[in-house]
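Here's a walk through one model, from its enclosed spaces to its strands and a few odd backbone spots. Have the viewer open as you read.

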Amino acid sequence: MKNKNLRIAIMLFAACTATTMYAENNDELSTTTEEPTLEDKNTTSYDMENGVLPIADDRGFTLQSKDGSFVFKPYMMLQSTLSYRYYDDVGLDKAYNQDNVANSGFAIPYAIIGFTGKAFGKIDYNISINAAASGGAILQQAWIDYAVNPAIRFRAGKFKTPFTSAYLTTLGETLFPIMPTSLIATTILPYSLNAVNPSIGTGFDLGVEMHGLISNQFGYEIGIFNGTGSSVNTATKGFSDDNHFPSLLYAGRFTWQPKGAMPMTQGNAKMQDIDKMLIGISANYNNEAENESTNDFRAGVEFAWMKNKWYFAAEGYYMHVGFTDRQKIDETYNYWGAYAQVGYFVAPQWQVGVRYDWMDRNGSNKDGSLNSPAVSVNYFVPKTNIKISGAYQYTGRWGHERQLDRDLDEIGLSTHVAMLMMQYTF
């Protein structure tokens, strides 16, 4: 099935590219492949709605009508990584020759083929296939966005849930090739569940949202999603007997962008002369039906600032976990996480970054937390659309009352991570 989907995606991409090249001879349409001038780069509004590539850049082909009402852009993105992960002895069974070095070597996290664009001056659309994924995650995104005006827009399909800038950043435009541990690590609960222990991050999901930008400063996103994540493309939810409303994910995010709409990037070699800022708050509630799982409330605050060659960002988030009535467990648990990072272009094509990541993984009812300092370097190869990223992250533990708590807090996480990534976009 996976190979079949891959073949379909390749044929679709080839057909779209052929259509784009053929349209070069059409008097009503024009293609853009030229390197933008310095003036263009300073004035162009980079459309990053698709979450993968900006439309108004020079990567690949862009087909559009003369009045700009119709835009079509086929694209691809490939990431190849070489990683080294070292795990502490805790959780390893030496009797089975389990090694400290695991989950290392080469990987392709993303091999994306898709197309995005605009229609009738009011509709944005995007569909992308990640051939490196499996199951429902092969369909990475698929959505239609209708704009009544810039302040009132409606989106439906599969897309990023409105929570945390780290996830909402355009794919491939991140300062680090490694996501903050505090967002992706599963929490520790003292009970066994049929469902996976929740993590603070939410990521891609199926749903609908209303969003917009008011007065070019105040942004909002209010939506309802399945709450099942990116690997499920079917309707599987029910009705909660605990809370007496549908078992879905209810989410909202509000931002203030005082210097105008901020592009969702953490570093782009072609965007070193802008001044943009974003301050935001967000919250969501994942309401489960009567199964062996949890009801989760999340809230977050975020700050990001791009100032010429500098990039600053900080986020903090909170998650409250309560069991469904079927579990017959009265205890609730609270988890916290935060990170801060700084990036700087030391040369036109070289960006360096530092990050400090913190997480209370075992809940606020127990002492101890994780801290993960990291460093990165990014090189944007001129005139090739290639980005090379290197990063190192260390995960430490502190403040635990007992050694057992200290050991359990790092289970499943590597103490040392080193990664080299090569990315190509078209």
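Searching the whole structure turns up four cavities of 30 Å³ or more. A cavity here is a set of points, on a 1 Å grid over the protein atoms alone, where a 1.4 Å probe fits but cannot get out. Grid points are joined across faces, edges and corners, and a volume is the space filled by probe spheres set on the points. Keep in mind that this is a predicted model, where local features need pLDDT of at least 70 and side-chain atom pairs count only at pLDDT 80 or more, while totals for chains, interfaces and linings use all residues. Residues are numbered from 1 along each chain as its sequence is written, and side-chain values use heavy atoms, with hydrogens and water left out.

Take the second largest cavity, with about 50 Å³ of space. What lines the second largest cavity? The residues are S165, T169, M262, P263, M264, T265, Q266, L278, A304 and Y311, where lining means having an atom within 4 Å of a point. Sorted by class, that lining has six nonpolar residues, four polar ones and no charged ones. For those classes, Ala, Val, Leu, Ile, Met, Phe, Trp, Tyr, Cys and Pro count as nonpolar, Asp, Glu, Lys and Arg as charged, and the others, Gly among them, as polar.

Now the cores. A nonpolar core is a set of buried Ala, Val, Leu, Ile, Met, Phe, Trp, Tyr and Cys residues joined through side-chain atoms within 4.5 Å. "Buried" means under 20% relative accessible area, "exposed" over 50%, and "partly exposed" in between (1.4 Å probe, protein chains only). The largest core has 13 residues, and I200, Y317 and Y335 have the most contacts inside it. Two elements, β13 (310–323) and β14 (332–347), give two or more residues to this core, and β13 has the largest share with four. Helices (H or I, at least four residues) and strands (E, at least two) are DSSP runs, numbered from the N terminus.

Y335 is worth clicking on. Leaving aside neighbours within four places in sequence, Y335 is in contact (heavy atoms within 4.5 Å) with T187, I188, L189, Y317, Y318, M319, V321, D360, R361, N362 and G363. Apart from the largest core lies another one of eight residues, including M262, M271, M306 and Y311. Two of these names, M262 and Y311, also appear in the lining of the second largest cavity.

On to the strands, which pair if DSSP finds at least two bridges between them. Strand β16 is a good place to start, and its pairings are listed here along with one from β17.

| Strand pair | Sense | Bridges | Example partners |
|---|---|---|---|
| β15 (350–360) and β16 (369–381) | antiparallel | 10 | Y356 and P373 |
| β16 and β17 (386–394) | antiparallel | eight | V375 and Y392 |
| β16 and β18 (396–398) | antiparallel | three | N371 and G396 |
| β17 and β19 (416–425) | antiparallel | nine | Q393 and V417 |

Y379 is also bridged to β17, with I388 as its partner. β16 and β17 form a hairpin with four residues between them, and K383 in the turn has a positive phi of about 60°. The loop between β16 and β17 also holds N385, where phi is near 65°, a positive value in a residue other than glycine. N385 is partly exposed, with a relative accessible area of 22%.

Another positive phi sits at T164, which is not glycine and has a value near 70°. T164 is in the loop between β7 (152–160) and α3 (165–168). Is T164 buried or exposed? T164 counts as buried because its relative accessibility is 2%.

Two more loop residues round this off. S247 lies between β9 (218–225) and β10 (249–256) and counts as buried, at 0% relative accessibility. Beyond residues up to four places away in sequence, S247 touches N226, K237, G238, F239, S240, N287, E288 and A289.

I411, in the loop between α5 (403–409) and β19, counts as partly exposed because its relative accessibility is 37%. With residues up to four places away not counted, I411 touches V90 and R361. I411 and D89 are 322 residues apart in sequence but 9.6 Å apart in space, C-alpha to C-alpha.

Definitions and conventions
On a 1 Å grid over the protein atoms alone, a cavity is a set of points where a 1.4 Å probe fits but cannot get out, and a pocket is an open set with protein on both sides within 12 Å along at least five of seven lines; lining residues have an atom within 4 Å of a point.
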